[in-house]
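Dear colleague,

I am handing over the structure below, and after it you will find my notes on what turned up when I went through it. Please read them with the coordinates open beside you.

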Amino acid sequence: DEIDLAVRAFQRMTWSIKFCPRPVVVAPFGFCFGGGAEIAIHGARRQAHAELYMGLVETGVGLLPAGGGCKEMTIQASDSGSPDALRKNFETIAMAKVSTSALEARRLGYLLPADGITMNRERLLHDAKELAHELAASGYAPPIPRADIPAPGESMLATLRMGVRLMREGEFISDHDVKVANWVAYVMCGGKITAGTPVSEQYLLDLEREGFLSLCGEKKTQERIAFTLKNGKPLRN
């Protein structure tokens, strides 16, 4: 119950960032992992330092992004119009891909084309403030919570799960990696529903929370969390 409340609180926080009436510009630099990356992707814009190690890395400890990370990557894939975008974003999350620069973060979908990149670390905060001022001066209006996101549905879920199965048969991932990746696929596809069914942002957040809590109850996830906290590196189990 305590974990459920904590996840709900974090989701409310990222929700308030995205729908804040004033433009929130996030200025990520250095290491920006997990919850930090989720905070960043919910901003109106991002002004990133060129040296940026950014990633949704929760699968490395047997969990999934539950602060809106899966939701935002699903929306981004849907809005792109590319049939391959969801698979690409799924792989980014499931494989816990981390950028080695701001440019790579843009290629991975953590940064958008409209986001800025600052070369000089000393200018980062100044540039972020200038961007916030520009957005405000141009008559910024916050987005409206979406209720029209076309869910990829069961057909895409089957495709993603087949890819996960092939990875397991090739012994590239473990049995627990399969369980985690299948949960990520389930959330990003909107569950077992008909492709194209409109779903809301809150619906996807609820699926994230369901998957996160389920994985928290897995012994191997608990082992991964404990090992990472103790040793500072991931456990392959």
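Asn89, in this predicted model, sits in helix H4 and is buried, since its relative accessible area is 2% and the limit for that class is under 20%. Leaving aside residues up to four places away in sequence, Asn89 is in contact with Met73, Gln76, Ala77, Leu108 and Met188.

Met188 leads on to the interior of the model, for with the same exclusion of residues up to four places away in sequence it touches Cys70, Met73, Thr74, Leu86, Asn89, Phe90, Ile93 and Pro152. Met188 is also among the residues with the most contacts inside the largest nonpolar core, together with Leu52, Met54, Leu64 and Phe90, and that core has 48 residues. At least two residues of this core come from each of helix H2 (35-41), strand S4 (52-55), helix H3 (69-80), H4, H5, H7, H8 and helix H9 (201-216), and H8 gives the most, with nine residues. Another core, of six residues, lies apart from it and includes Ala44, Leu131, Ala132 and Leu135.

Leu131, Ala132 and Leu135 are also buried residues of H6, as are Leu124, Asp127 and Ala128. Seen down the axis of H6, the buried residues fall within an arc of 140°, so they line one face of the helix. This can be read alongside the general geometry: an α-helix has 3.6 residues a turn, so residues three or four places apart point the same way. The cover over the buried residues of H6 includes strand S1 (25-26), strand S3 (45-49) and strand S5 (116-118), whereas the face turned away from the buried side carries the exposed residues Leu125, Lys129, His133, Glu134 and Ala137. As for its length, H6 (residues 124-137) has 14 residues and reaches 20 Å from its first C-alpha to its last, which is close to the 20 Å expected at 1.5 Å a residue. After H6 comes Gly139, which has a positive phi, near 85°.

Turning to the aromatic rings, the count comes to four aromatic pairs. In one of them the rings of Phe31 and Phe33 have centres 5.6 Å apart and planes at 45°, so this pair is tilted. Phe31 also pairs with Tyr53, again in a tilted arrangement, at 5.5 Å centre to centre and with 40° between the planes. That second pair links distant parts of the chain, as Phe31 is in strand S2 (residues 30-33) and Tyr53 in strand S4, 22 residues apart. Phe31, Phe33 and Tyr53 thus form one aromatic cluster, in which Phe31 counts as exposed at 65% relative accessibility, while Phe33 is partly exposed at 36% and Tyr53 partly exposed at 27%. Elsewhere, Arg121 lies over the face of Phe29, at 3.7 Å from the ring centre.

Finally, two loop residues may deserve a look for their backbone angles. Ala96, in the loop between helix H4 (85-94) and helix H5 (102-108), has a phi near 50°, a positive value in a residue other than glycine. Glu171, in the loop between helix H7 (153-169) and helix H8 (175-188), likewise has a positive phi, near 60°, and its relative accessible area of 66% makes it exposed.

With best regards

Note on methods: Residues are numbered from 1 along each chain as its sequence is written. This is a predicted model: local features need pLDDT of at least 70, side-chain atom pairs count only at pLDDT 80 or more; totals for chains, interfaces and linings use all residues. Side-chain values use heavy atoms; hydrogens and water are left out. Helices (H or I, at least four residues) and strands (E, at least two) are DSSP runs, numbered from the N terminus. Buried means under 20% relative accessible area, exposed over 50%, partly exposed in between (1.4 Å probe, protein chains only). A nonpolar core is a set of buried Ala, Val, Leu, Ile, Met, Phe, Trp, Tyr and Cys residues joined through side-chain atoms within 4.5 Å. Contact means heavy atoms within 4.5 Å. Rings of Phe, Tyr and Trp (its six-membered ring) pair if their centres lie within 6.5 Å; planes under 30 degrees apart count as stacked, over 60 as edge-to-face and the rest as tilted. A charge sits over a ring if NZ of Lys or CZ of Arg is within 6 Å of the ring centre and within 35 degrees of the ring normal. The expected span of a helix is 1.5 Å times one less than its number of residues. The arc is that of the directions from the helix axis to the C-beta atoms.
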